[in-house]
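Biologist: I'd like to learn how to read a model like this one. Can we go through it feature by feature?

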Amino acid sequence: MICGILLLGEAWMNNPVMKSDPTVQNKVLDELDALTKECSSPNWDGYGAVPVQSQTIKDAKRFVEALPLGTPTPSAGAEPDGHVTLEWYHSSRRTLSVSVSPDGELHYAALLGASKAWGTEPFFGDVPSSILLLISRVDAK
Amino acid sequence: MTDQASPPPVADDELLARFVLYSRWGRADQSVKPDAFIPHPYPDLSVTRHAGISETELWQIGQDVADERPATLYGRADVQALAATKLSLRIVPTLEPKNHANITGWPPDKPRQKILALELAAVAGYVPMPAL
């Protein structure tokens, strides 16, 4: 099962034609545009949050646009340290949150039933296979 | 609680409220995004204890927090103290403001902060601000 998921992830990664459906992407891209307005001032969360930089929003959009065709759509959000979050939420214990940081890193954490995973990957324009695997596990029926 | 020399310790079964002042942190299914539990810019997470005050007083504290910023109060995320201590976080009550406490002991690195925030969000309940 895990191997199957890994192979699917690799197929997504290795086929540049198989990009995520633009119509499905629109919702999250709209959410990211909204963050530009909502989170660009200091203290946007009422607790002293730092502003989300426009470059971080752009990186988050690049990440979303790099998702392979058929990938479930995340919801967008922001954290008080100025990171943009992309969240795949199936239930409280099947969820993945990826933070796009201002310095081009992807910090992720996932709850998968009794298992959990967390870590950091660099973002060079492709979605790391480790994150694709976690998306597929959150979405697994 | 504020008329005592030191605040009473936080019991495991106490509920703690994290006021939500950003609209995208509450979900429609009465859950809350982990983003609401990321401790920044402070090393601690500011919460309000339910103990000894009414629901109305609790919301008033939240409204005071929002008015001070100023910001809009959208709701609150309630989490039991035990959920935090199970994650090796500590809850430190403070004398001021009223019923205040800090959740401390967060790791410095972002991925470990995120997994703790996910764990707290998984057991937290989101209560939207009641309509006036």
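Biologist: Which residues does Ala60(A) touch, not counting residues up to four places away in sequence?

Modeller: Two residues are in contact if their C-beta atoms, placed from the backbone, lie within 7 Å. By that test Ala60(A) touches Leu32(A), Ala76(A), Val84(A), Leu86(A) and Val100(A), leaving out residues up to four places away in sequence. Keep in mind that this is a predicted model: local features need pLDDT of at least 70, side-chain atom pairs count only at pLDDT 80 or more, and totals for chains, interfaces and linings use all residues. Residues are numbered from 1 along each chain as its sequence is written, while chains are lettered from A and ligands numbered from 1 in the order in which they are written.

Biologist: And how do I read the nonpolar core?

Modeller: In soluble globular proteins, nonpolar side chains tend to be buried together. A nonpolar core here is a set of buried Ala, Val, Leu, Ile, Met, Phe, Trp, Tyr and Cys residues joined through C-beta atoms within 7 Å. Buried means 20 or more other C-beta atoms within 10 Å of a residue's own, exposed means 12 or fewer, and partly exposed is in between, with C-beta atoms placed from the backbone. The largest core has 66 residues, and Ala60(A) and Tyr108(A) touch the most other members. The element that gives the most to this core is α3(B), with 6 residues.

Biologist: What decides where an element such as α3(B) starts and stops?

Modeller: Helices (H or I, at least four residues) and strands (E, at least two) are DSSP runs, numbered from the N terminus. You can also check a helix by its length: the expected span is 1.5 Å times one less than its number of residues. For the 14 residues of α3(B) that should come to 20 Å, and the end C-alpha atoms are 20 Å apart, so the two agree.

Biologist: Is α3(B) mostly covered or mostly open?

Modeller: Mostly covered: 10 of its 14 residues are buried. Among them are Ile115(B), Leu116(B), Leu118(B) and Leu120(B), but also Lys110(B) and Glu119(B). The buried residues pack against β3, β4 and β5 of chain A, together with β3 (75-80) and α2 (81-85) of chain B.

Biologist: How does that helix sit on chain A?

Modeller: For angles, axes are lines fitted to C-alpha atoms, for helices over the stretch in contact, and the values run from 0 to 180 degrees between N-to-C directions. Helix α3 (residues 110-123) of chain B lies across β3, β4 and β5 of chain A, at about 35° to β4(A). Chain A has a helix of its own there: α4 (residues 129-139) lies across β2, β3, β4 and β5 of chain A, at about 30° to β4(A).

Biologist: So what about the sheet underneath?

Modeller: Strands pair if DSSP finds at least two bridges between them. In chain A, 5 strands form an open antiparallel sheet in the order β1-β2-β3-β4-β5. β1 and β5 of chain A are the edge strands, each pairing on one side only. Neighbouring strands are turned by 20° against each other on average, direction ignored.

Biologist: How many residues are in contact between chains A and B?

Modeller: 28 residues of chain A are in contact with 21 residues of chain B. On chain A's side, β1 (75-78), β2 (84-91), β3 (94-100), β4 (105-112) and β5 (115-122) each supply at least two residues.

Biologist: Which sheet does chain B have?

Modeller: An open one with 6 strands in the order β4-β5-β2-β1-β3-β6, again with antiparallel pairing. β4 and β6 (125-128) of chain B have a single partner strand each, so one side of each is left without a neighbour in the sheet. Here the average turn between neighbouring strands is 35°, direction ignored. Helix α1 (residues 55-68) of chain B packs on this sheet, touching β1, β2 and β3 of chain B, and its direction makes about 35° with that of β1(B).

Biologist: Any backbone oddities I should look at?

Modeller: Check omega for cis peptide bonds and phi for positive values. The bond from His40(B) to Pro41(B) is cis, with omega near 10°, and Pro41(B) is in the loop between β1 (15-20) and β2 (45-49) of chain B. Glu96(B) to Pro97(B) is cis too, with omega near -10°. As for phi, Ser88(B) has a positive value of about 70° although it is not a glycine, and Ser88(B) is exposed, with 10 other C-beta atoms within 10 Å. Asn99(B), also not a glycine, has a positive phi of about 60°, but Asn99(B) counts as buried, with 22 C-beta neighbours inside 10 Å.
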